[in-house]
Amino acid sequence: MAWRFALVIDPAAPDDPHTDLAASLRVIDPAAPALVVGELSAQRGDGVFESLGVVDGHVQGVEPHLARLARSAELCDLPAPHLAQWRAAITRVAAEAGPGESVMKLLYSRGVEGGATPTAWVTLATAPDNVRARRDGVRIVTLDRGYALDVPARAPWLLLGAKTLSYAVNMAAIREAQRRGADDAVFVSSDGFVLEAPTASVLLRFGDRFVTPAPHAGILHGTTQQSVFAHLARRGFETGYETVPVVDLGRADAAWLLSSVRLAAPVAAIDGDDLAIDHALTDDLNAYLLSPRD
Ligand code: PLP
């Protein structure tokens, strides 16, 4: 990843209208060390984050991402993020983006061990080239996440549904998928329901009905999926959140992995069985996702 810009947000800046928000942002060298060794994001993965797509300088879905950041922070007992300050930081970083696709990351950690304040910073990098994934699709395998569908409600301390910095499991799942000859994984619950991919939501098409697994099942409520549902509804399609049995994956007419940077990647195969790619609809979804969106 080519990091191009970064800034640190002063967490001690008061959350009131008189705060000089611009003065509470400190630009740092994205290539130089910036975190201290006691930082809990590095020590324990103890923090939350968001990845936002930036297209030609426009940041996509700022408010849905900030809402999810606040929700993740709440689930992790972190102080509520000062949203006006985060908006100012996003605007400042976006001004550096220039043409093409970039990735902006918002990072919010518990701070330095023994310290009084969280650590907050924002980075900007060139987006990976996702043209092939959007055109040719991704081959996925299903992987057991090891939890039943009711675990998020029974064990909220597992933080399922928070976008925490602890993504080692998600990365391990992608490596396992690659060992099995696929590109990506889709997690399924131990009692046989579709959940999400390690870095994306799952969208399935059954005729003119589009379905995604309900977010209360301990998965992230994808901002891209929400945006796609609004777009599909405008086009007259039916959309819905459902509890999706794994067998329905094989019954779908088409499927996609949706996320803020890769956007709509059509699923080309599930557990070794080819799935037809709906190229026209995929192109329509990606054209929409690349257009400026709130
Ligand atoms: N589910 C997981 C586990 C993710 O990590 C992501 C994005 O990174 C998503 C879903 C999709 O979320 P969004 O569309 O907001 O990027």
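This is a chat about a predicted model, its two domains and some of its residues.

Visitor: Hi! What should I know about the model and its numbering before we start?
Guide: The model is predicted, so local features need pLDDT of at least 70 and side-chain atom pairs count only at pLDDT 80 or more, while totals for chains, interfaces and linings use all residues. Residues are numbered from 1 along each chain as its sequence is written, and side-chain values use heavy atoms, with hydrogens and water left out.

Visitor: Thanks. Which domains does the domain assignment give?
Guide: It gives domain 1 (3-126) and domain 2 (131-290); such bounds come from an automatic or database domain assignment.

Visitor: How far apart are their C-alpha centres?
Guide: The C-alpha centres of domain 1 and domain 2 are 26 Å apart. Domain 1 brings 22 residues to the contact and domain 2 brings 17 residues, where contact means heavy atoms within 4.5 Å.

Visitor: And what area is buried between them?
Guide: About 1500 Å², with carbon and sulfur atoms giving 63% of that. Buried area here is the accessible area (1.4 Å probe) that two parts lose on being put together, summed over both.

Visitor: Which residues in domain 1 lose the most area to domain 2?
Guide: They are F49, R68 and E101, which together make up 35% of what that side buries.

Visitor: How many salt bridges cross that interface?
Guide: The rule finds 1 salt bridge between domain 1 and domain 2, a salt bridge being a side-chain nitrogen of Lys or Arg within 4 Å of a carboxyl oxygen of Asp or Glu. On E101 again: this residue forms a salt bridge with R134, and the closest N and O atoms are 2.8 Å apart.

Visitor: What about polar contacts between the domains?
Guide: There are 9 residue pairs in polar contact between domain 1 and domain 2, both residues at pLDDT 80 or more. A polar contact is a pair of N or O atoms within 3.5 Å; within protein, one must be able to donate a hydrogen and the other to accept it, and residues adjacent in sequence count only if both atoms are side-chain atoms.

Visitor: Which elements of domain 1 give two or more residues to that side?
Guide: Those are α1 (40-44), β3 (47-55), α2 (62-75) and β5 (101-109). The largest share, 8 residues, comes from β3. Helices (H or I, at least four residues) and strands (E, at least two) are DSSP runs, numbered from the N terminus.

Visitor: Changing topic: is V151 buried or exposed?
Guide: V151 counts as buried because its relative accessibility is 9%; buried means under 20% relative accessible area, exposed over 50%, and partly exposed in between (1.4 Å probe, protein chains only). V151 is in helix α5 (residues 151-154). Setting aside neighbours within four places in sequence, V151 is in contact with L158 and L160.

Visitor: How far is V151 from G218?
Guide: V151 and G218 are 67 residues apart in sequence, and 7.8 Å apart in space from C-alpha to C-alpha.

Visitor: Now the backbone. What is the phi of L159?
Guide: L159 has a positive phi of about 60°, although it is not a glycine. L159 is in the loop between α5 and α6 (168-179), and with a relative accessible area of 26% L159 is partly exposed.

Visitor: And the phi of L263?
Guide: L263 has a positive phi too, about 70°, and L263 is not a glycine. L263 lies in strand β13 (residues 263-270) and counts as buried at 3% relative accessibility.

Visitor: What does N170 touch?
Guide: N170 touches F187 and P198, not counting residues up to four places away in sequence. N170 is placed in helix α6 and is buried at 10% relative accessibility.

Visitor: Back to salt bridges: how many does the structure hold?
Guide: The structure holds 20 salt bridges. One of them joins the side chains of R139 and D274 (3.5 Å, N to O). That pair links distant parts of the chain, with R139 in strand β7 (residues 138-144) and D274 in strand β14 (residues 273-274), 135 residues apart. R139 counts as partly exposed at 36% relative accessibility, whereas D274 counts as exposed at 63%.

Visitor: Which residues are linked in a network?
Guide: R132, R135 and D136 are linked in a network of salt bridges. Within it, the side chains of R135 and D136 meet at 2.9 Å, N to O.
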